[in-house]
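Trainee: Could you walk me through this one? I want to know what backs each label.

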Amino acid sequence: MQSTLYPQLRIAVLTALLAASAGCAAQPAETPNPPPVAGAPTPPPPPPPLADAASVTTTQGTVARFLTNPDGDVDGFMTDDGTLVRFPPHMSAQLTSAVRRGDLVQVSGQREEGGSFAAQRITDTQTGRQVIDEPPMRGAPPMPRAARGAGLSPLSAQGQVAHITTAPRGEPDGVILSDGTVIKLTPPVAQQFATLVRTGATVSAQGYGTKNQYGTALQATAFGSPGKLTPLYDRNAPMP
């Protein structure tokens, strides 16, 4: 009589294989991520969050006058109470589109060592329009130094100092006259003229800059009191 051991063993093996096969079929197949579409635009990065809430200060004031840098970009404004509000110059167009002279604005940002206010968000309290500090567009090449200076014109200025501008660490780096003209110096140069780089002093300057609808600003190449200008740089040296 033929033994039933081998048929039973074969049935057991087949049963195990069928069970294993059913288990594999029950698992969902992984769907690969679709490949990127060639030429598709890269979505812009989200705007950066404001600084840590503990370090953010909010102030309010009326825009008395815009301020420009020597290249002609609006990089801030003065309020009616004398507060200097800074804003990145690459955001010049956005700032002047959001607020106007005479508008009451709310400013969120950080107060700097020199007393200026580094704004991160500026809101027009009447219209609700706001502008937020965002980094320059990624991939945009910086303008060559020679091109930046191509639009500068020889300028001179004279008047009473109404405000001292400062570098990020708080050291003086220029003055704003009572008519809003900005005279930019470097911190080492400003230190050489400590008796003039102060509120109320009468100063004179020559240099290169721009004058437009928003204001006048120049990088000084000569500075001093009226009628007593001191050249700041070698004529053959590049302007800072």
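Mentor: Sure, starting with surface: accessible areas come from the Shrake-Rupley method with a 1.4 Å probe, and for residues only the protein chains shown count as cover. On that basis the protein chain exposes about 15100 Å², with carbon and sulfur atoms supplying 56% of it. Keep in mind that this is a predicted model, where local features need pLDDT of at least 70, side-chain atom pairs count only at pLDDT 80 or more, and totals for chains, interfaces and linings use all residues. Residues are numbered from 1 along each chain as its sequence is written, and side-chain values use heavy atoms, leaving out hydrogens and water.

Trainee: Why is Phe117 called buried?

Mentor: Buried means under 20% relative accessible area (exposed is over 50%, partly exposed in between; 1.4 Å probe, protein chains only). Phe117 has 0%, so it is buried. Of the 240 residues of the protein chain, 33% count as buried.

Trainee: And why does Thr165 count as buried?

Mentor: Its relative accessible area is 5%, so Thr165 is buried too.

Trainee: What makes the link between the side chains of Thr165 and Asp173 a polar contact?

Mentor: A polar contact is a pair of N or O atoms within 3.5 Å; within protein, one must be able to donate a hydrogen and the other to accept it, and residues adjacent in sequence count only if both atoms are side-chain atoms. The Thr165–Asp173 pair is joined at 2.8 Å, a polar contact.

Trainee: Where does Thr165 sit?

Mentor: In strand β7, residues 153–166; strands are DSSP runs (E, at least two residues), numbered from the N terminus.

How values were computed: Helices (H or I, at least four residues) and strands (E, at least two) are DSSP runs, numbered from the N terminus.
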